[in-house]
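Please open the model in your viewer and keep the sequence beside it, so that each selection can be followed in both places.

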Amino acid sequence: MPWSIEPNTMIVTFGEVMGRLAPPGFRRFRQDLPGPVNITFAGAEANVAASVAMLGGEARFVTALPRHAIADACVDQLRGLGIDTRHILRTDEGRFGLFFLEVGANQRPSQVVYDREGASLALIPGDRYPWPVIFEGARWFHVSGITPAVSRLASEATLMAVQAAKIAGLIVSCDLNFRKKLWTWDPQKKPKELAEATMRKLLGFVDVVLANEEDCGEVLQIGADGTNVHTGKLEIDRYHEVARQVARQFPHLGTIAFTLRESLSATHNNWGAMLYETKHDRAHFAPQAEGRYEPYQIKSIVDRVGAGDAFAGGLIYALTHPELSEPSTAVRFATAASCLAHSIEGDFNFSSRTEVEALMNGSASGRVVR
């Protein structure tokens, strides 16, 4: 890696955290509403901070939340997971965002309905956050493409944050995380056009970029020929070339990582990842069997939402721990962490480092541990 990291590095993430409302199990909205739903807390950058903390790392989460009891409960849970919440801005502006999730099964896909317009984070300008203070004692800063999609102010705040992080000497990572439903704050541009214009500007300050199997095509117009995510067909070998093209356009990047999901159905996916070292033009795929790429076959998915964030959290944790930071080891660790996330209800990956290392080292039978 083109940087040196001290052990137990503080990781800072910035973004929106919301309430996630979902009918229990695989039930549909029209089956259960009106009626009881499960309420948890979720959000891409909060998910990453939670993963880092539960793996044993240090994480600090920054956001804006209203002053009321629901937001208090959210902060309490984040703090209870070991996340530093001191720089969460509490405000009288805006509301607590929500999203509704209907978990899919077999050939029926999951459905997400957003209810987050006017959330506090969307209304707070970037200069309200004391970035130099926030970054004290930190070495890594993580954002995603979801936060700048929320509003113009949130986009400006994200850009301000990554610029401040570079001034402070932090490593900056960004998950492209394209969400078409959110990129609507500039009516003069279509969602993909707005996303590309915004993210290209942001990526100028990024060292590590993460994406799923289709994000680069959606956001940067760089795709893997022959891939069709809707049919579950990925041309895995071509992602090395996708990474090369990204590196040519953003030569300052040190690392590019892709999660590779083959969706055979809503509850049966093949799952793997690739990490690309731009300096050495070298790609590492995980998991592997006998020296070749062989994805995890996840045939009974409990909950796939947040798995990409679990990968990001696992990768950042690995890259900030010298004993895990060798590229092929780091991507194996992150892929195993995100594989386990598919077995856990909710966005947060309640998996320990011990459990992740057991899976990455071949313990995949699911036998009872006594």
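Begin by selecting Glu102, which stands opposite Gln111 in strand 8, and keep in mind as you look that this is a predicted model. Widen the selection to the two strands, and you will see that strand 7 and strand 8 pair in the antiparallel sense over five bridges.

Next, add strand 2 (residues 18-22), which runs parallel to strand 7 and is joined to it by three bridges. Within this pairing, select Gly19, and opposite it you will find Leu98 of strand 7.

Now turn to the largest pocket, which holds about 1,600 Å³ of space. Which residues are the closest to its centre? Select Val112, Arg179, Asn212, Glu214 and Arg304, which are the closest among the 47 residues that line this pocket. Colour the elements that give two or more residues to the lining, and strand 7 (98-102) and strand 8 (111-115) appear among them, together with others including helix 2 (44-55), strand 12 (255-265) and helix 11 (307-319). If you then colour the lining by class, you will find 18 nonpolar, 14 polar and 15 charged residues.

For the last stop, select Thr267, which is found in the loop between strand 12 and strand 13 (268-277). Is Thr267 buried or exposed? With a relative accessible area of 9%, Thr267 counts as buried, because the cut-off for that word is under 20%. Show its contacts, leaving aside the neighbours within four places in sequence, and you will find Phe26, Gly104, Ala105 and Asn106, as well as Ile298, Lys299, Ser300 and Ile301.

Note on methods:
Residues are numbered from 1 along each chain as its sequence is written. This is a predicted model: local features need pLDDT of at least 70, side-chain atom pairs count only at pLDDT 80 or more; totals for chains, interfaces and linings use all residues. Side-chain values use heavy atoms; hydrogens and water are left out. On a 1 Å grid over the protein atoms alone, a cavity is a set of points where a 1.4 Å probe fits but cannot get out, and a pocket is an open set with protein on both sides within 12 Å along at least five of seven lines; lining residues have an atom within 4 Å of a point. Grid points are joined across faces, edges and corners, and a volume is the space filled by probe spheres set on the points. Helices (H or I, at least four residues) and strands (E, at least two) are DSSP runs, numbered from the N terminus. Ala, Val, Leu, Ile, Met, Phe, Trp, Tyr, Cys and Pro count as nonpolar, Asp, Glu, Lys and Arg as charged, and the others, Gly among them, as polar. Buried means under 20% relative accessible area, exposed over 50%, partly exposed in between (1.4 Å probe, protein chains only). Contact means heavy atoms within 4.5 Å. Two strands pair if DSSP finds at least two bridges between them.
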